[in-house]
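Let's take a walk through a protein model together. Have a look at the structure below, turn it around a little, and then read on.

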Amino acid sequence: MTDSLTFAIPKGRILDEALPVMARAGVVPEDAFHDKANRSLTFATTREDMRLIRVRAFDVATFVAHGAAQLGIVGSDVIEEFDYADLYAPVDLDIGHCHLAVAEPKGASATSGASHLRVATKYPNLTRRHFERQGIQAECVKLNGAMEIAPELGLAGRIVDLVSSGQTLKDNGLVETGHIMDITARLIVNRAALKTDPRVSALVEAFRAISEERSAA
Ligand SMILES: Nc1ncnc2c1ncn2[C@@H]1O[C@H](COP(=O)(O)OP(=O)(O)OP(=O)(O)O)[C@@H](O)[C@H]1O
Ligand SMILES: O=P(O)(O)OC[C@H]1O[C@H](OP(=O)(O)OP(=O)(O)O)[C@H](O)[C@@H]1O
């Protein structure tokens with residue numbers, strides 16, 4: 001009996017864009033997946049040899065890197081923040097578009113030339129690496145949300161957070177002062193599983209073909 005494949009998908013905003021792409025690759029969750037009252041975290045799919053686990057966006061890479069799941073869909077922000085060696089991200093799914101930015105209160109006094117900054121962020125590793133490239137030491141205050149109110153509360157002079165429409169920055173009196181990286185959601189696979197299980201490489205090719213069709217359209 002071949003072991004079942006586990007596919008980790010993020011709950012939250014990426015999911016709506018991911019489901020149609022997954023369906024075209026033959027990954028379709030059972031009906032119970034769409035029942036909002038259902039608190040299960042594991043779901044069957046129309047493939048007898050595959051189940052889905054629905055987890056927090058920030059945990060998808062961890063499940064796949066440790067082999068608890070063989071495949072996953074996650075934002076490139078999460079991939080870069082954790083930078084797991086056992087993770088491979090072979091396909092850009094062209095969904096979940098946003099970018100990671102530095103922002104600070106509108107009209108804040110210039111701090112050019114500073115060698116040390118305090119930054120409120122959900123992405124301490126990406127933030128430190130970004131400022132290190134400028135010869136600046138970033139002291140990160142780790143938050144998991146609502147970063148935009150950190151400056152006015154004196155928690156940090158600036159933030160690093162995701163931006164798509166820019167509305168949250170604007171509504172909280174912040175302006176973007178630096179662009180760190182563009183972000184899209186990617187198909188990720190566990191490196192060992194890719195080497196040992198032909199079903200994984202077949203799924204990579206299926207998602208790649210879909211992504212190429214989308215970009216050619
Ligand atoms: N405007 C956006 N804000 C946040 N994430 C976005 C945005 N646009 C696309 N994304 C992608 O969606 C992922 C996170 O989405 P979502 O906001 O649903 O979860 P989360 O808030 O990070 O996680 P959780 O709610 O479990 O803490 C990000 O990692 C990013 O790749
Ligand atoms: O540029 P915008 O379109 O305003 O989107 C950016 C906002 O979206 C995300 O928050 P989300 O709504 O995901 O809530 P979260 O803070 O729980 O992540 C992110 O943390 C920003 O706050």
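Before we start, one bit of vocabulary: a residue counts as buried when its relative accessible area is under 20%, as exposed when that area is over 50%, and as partly exposed in between. Keep in mind, too, that what you're looking at is a predicted model.

With those words in hand, try aspartate 94. Its relative accessible area is 31%, so aspartate 94 is partly exposed. You'll find aspartate 94 in the loop that links strand E5 (87–92) to strand E6 (98–105).

There's something else to notice about its backbone. Most residues other than glycine have a negative phi. Aspartate 94 isn't a glycine, yet its phi is positive, at about 60°. Alanine 146 does this as well: it is not a glycine either, and its phi is positive at about 55°. Is alanine 146 buried or exposed? Its relative accessible area is 52%, so alanine 146 is exposed. Look for alanine 146 in the loop between strand E8 (137–142) and E9.

Now zoom out for a moment. The protein has 217 residues, and 45% of them count as buried. Its secondary structure comes to 7 helices and 11 strands. Along the principal axes, the C-alpha trace spans about 65 × 35 × 35 Å.

Alanine 146 also leads us to the next stop, since this residue is among those surrounding ligand 2, along with others including Arg13, Gly145, Val163 and Thr168. Where does ligand 2 sit? The space that ligand 2 takes is the largest pocket. Two elements each give two or more residues to the shell around ligand 2: strand E9 (158–163) and helix H5 (167–171). The largest share comes from E9, with 3 residues. Sorted by class, the shell holds 3 nonpolar, 6 polar and 3 charged residues.

Which atoms come up against the ligand's oxygens? Start with glutamate 148, where an N or O atom of the side chain is 2.9 Å from an oxygen atom of ligand 2. Aspartate 161 also uses its side chain, with a polar atom lying 2.9 Å from a ligand 2 oxygen. For serine 164, look at the backbone instead: one of its backbone N or O atoms lies 2.8 Å from an oxygen atom of ligand 2. And how much of ligand 2 does the protein bury? Taken alone, ligand 2 exposes 490 Å², and the protein buries 64% of that.

Notes. Residues are numbered from 1 along each chain as its sequence is written. Chains are lettered from A and ligands numbered from 1 in the order in which they are written. This is a predicted model: local features need pLDDT of at least 70, side-chain atom pairs count only at pLDDT 80 or more; totals for chains, interfaces and linings use all residues. Side-chain values use heavy atoms; hydrogens and water are left out. A residue is near a molecule or strand if one of its heavy atoms lies within 4 Å of it. A polar contact is a pair of N or O atoms within 3.5 Å; within protein, one must be able to donate a hydrogen and the other to accept it, and residues adjacent in sequence count only if both atoms are side-chain atoms. Accessible areas come from the Shrake-Rupley method with a 1.4 Å probe; for residues, only the protein chains shown count as cover. On a 1 Å grid over the protein atoms alone, a cavity is a set of points where a 1.4 Å probe fits but cannot get out, and a pocket is an open set with protein on both sides within 12 Å along at least five of seven lines; lining residues have an atom within 4 Å of a point. A molecule sits in a cavity or pocket if more than half of its atoms lie within 2 Å of its grid points. Helices (H or I, at least four residues) and strands (E, at least two) are DSSP runs, numbered from the N terminus. Ala, Val, Leu, Ile, Met, Phe, Trp, Tyr, Cys and Pro count as nonpolar, Asp, Glu, Lys and Arg as charged, and the others, Gly among them, as polar. Buried means under 20% relative accessible area, exposed over 50%, partly exposed in between (1.4 Å probe, protein chains only).
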